[in-house]
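Visitor: Please show me the model and explain the terms used for the ligand site.

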Amino acid sequence: MLNSTVVGRVDINPELMILQVKPDAGVPSFHPGQYVALGLTGAHPRYDGAPDEAEIPAADKLIKRAYSIGSSPMVGDYFEFYIAIVPNGALTSRLATIKPGDRIFSQPKVTGTFTLEGIPEAHNLVLVSTGTGLAPFMSMVRTPSTWTAGRRITVVHGVRYPQDFAYAEELSSYVAARDGFTYLPIASRAPESFAGRKGRVQALFEKREIELNPATDHVFLCGNPAMIDDLERDLTTKLGYTVHSKKAPGHLHVEKYW
Ligand SMILES: Cc1cc2nc3c(=O)[nH]c(=O)nc-3n(C[C@H](O)[C@H](O)[C@H](O)COP(=O)(O)OP(=O)(O)OC[C@H]3O[C@@H](n4cnc5c(N)ncnc54)[C@H](O)[C@@H]3O)c2cc1C
């Protein structure tokens, strides 16, 4: 049942971690933006002090949840995930105690349509995330085929506190190294002393720090459903964006985490 091994773990802070998982069968081919299910059994230990569970899962029950892949498909050896520990979450209260060498389930089939497939090379990407919703965008910007000639790429990362800015160093390095790349980190509960952007990601659009051309700018929204609902409403009603689906292609792409 547990078909993979944890090969790396980086704690960003007590509630956020980056996890690297190596499937026994190797990493299957996938497109940046897709996800897999990870799972642990009910027997896996929860973190010290985790709130009591309303329903205790059976020891042999596999608890599975979806996680966006943060690594590029070019990394053939392991998947990377960026995971928030939800205090009374059935799976994440167990993932909190996982360590390199531990066994874990990873779904052999990768799924999801939140990808760059079908987007013209000349079109720009505005990749808007809150929290761990940054993961699929890390996979995209880590993959060379995303960086088509002349394309502008903007990554927005909204968090609550400045200590939640995972991947800031890597994303800042792209600003220096690549033409047309913009990184906009913003913290909604930053202290007065914080020198960076303060507020919600929606404010970047309201204050026109991000200006969109619906004909050429594809907007991807990932993470907290409240942020997605707000921006989806504004971009469809004010700018004429339509939500993308396989049947009806549009320039607004959404992935809600819950
Ligand atoms: C397509 C897809 C991709 C996803 N990718 C990621 C990812 O890359 N990283 C990640 O951390 N999560 C991701 N999620 C969310 C993930 O699947 C789980 O829902 C989450 O880890 C909680 O699982 P749990 O069993 O611990 O909590 P559960 O016991 O299932 O409790 C779920 C409840 O926790 C809350 N919740 C869920 N996720 C969060 C969150 N991130 N922050 C705060 N509250 C939350 C919601 O209120 C939800 O109803 C993704 C979800 C989907 C649908």
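Guide: The residues of the shell around the ligand divide into 11 nonpolar, 4 polar and 3 charged. Nonpolar means Ala, Val, Leu, Ile, Met, Phe, Trp, Tyr, Cys or Pro; charged means Asp, Glu, Lys or Arg; the others, Gly among them, are polar. The model is predicted: local features need pLDDT of at least 70, side-chain atom pairs pLDDT 80 or more, and totals for chains, interfaces and linings use all residues. Residues are numbered from 1 along each chain, and side-chain values use heavy atoms, without hydrogens and water.

Visitor: What makes the Arg65 side chain and the ligand a polar contact?

Guide: A polar contact is a pair of N or O atoms within 3.5 Å. A ligand oxygen is 2.8 Å from an N or O atom in the side chain of Arg65, so the pair qualifies. On the backbone side, an N or O atom of Ala84 lies 3.0 Å from a ligand oxygen, and a polar backbone atom of Ala90 is 2.9 Å from a ligand oxygen.

Visitor: Which elements give two or more residues to the shell?

Guide: They are β4 (62-68), β5 (79-84) and β12 (252-256). β4 has the largest share, 4 residues. Strands here are DSSP runs of E, at least two residues, numbered from the N terminus.

Visitor: Why is the ligand said to lie between domain 1 and domain 2?

Guide: Domain 1 (4-106) and domain 2 (124-256) both give residues to the shell, so the ligand lies between them. The bounds come from an automatic or database domain assignment.

Methods: A polar contact is a pair of N or O atoms within 3.5 Å; within protein, one must be able to donate a hydrogen and the other to accept it, and residues adjacent in sequence count only if both atoms are side-chain atoms.
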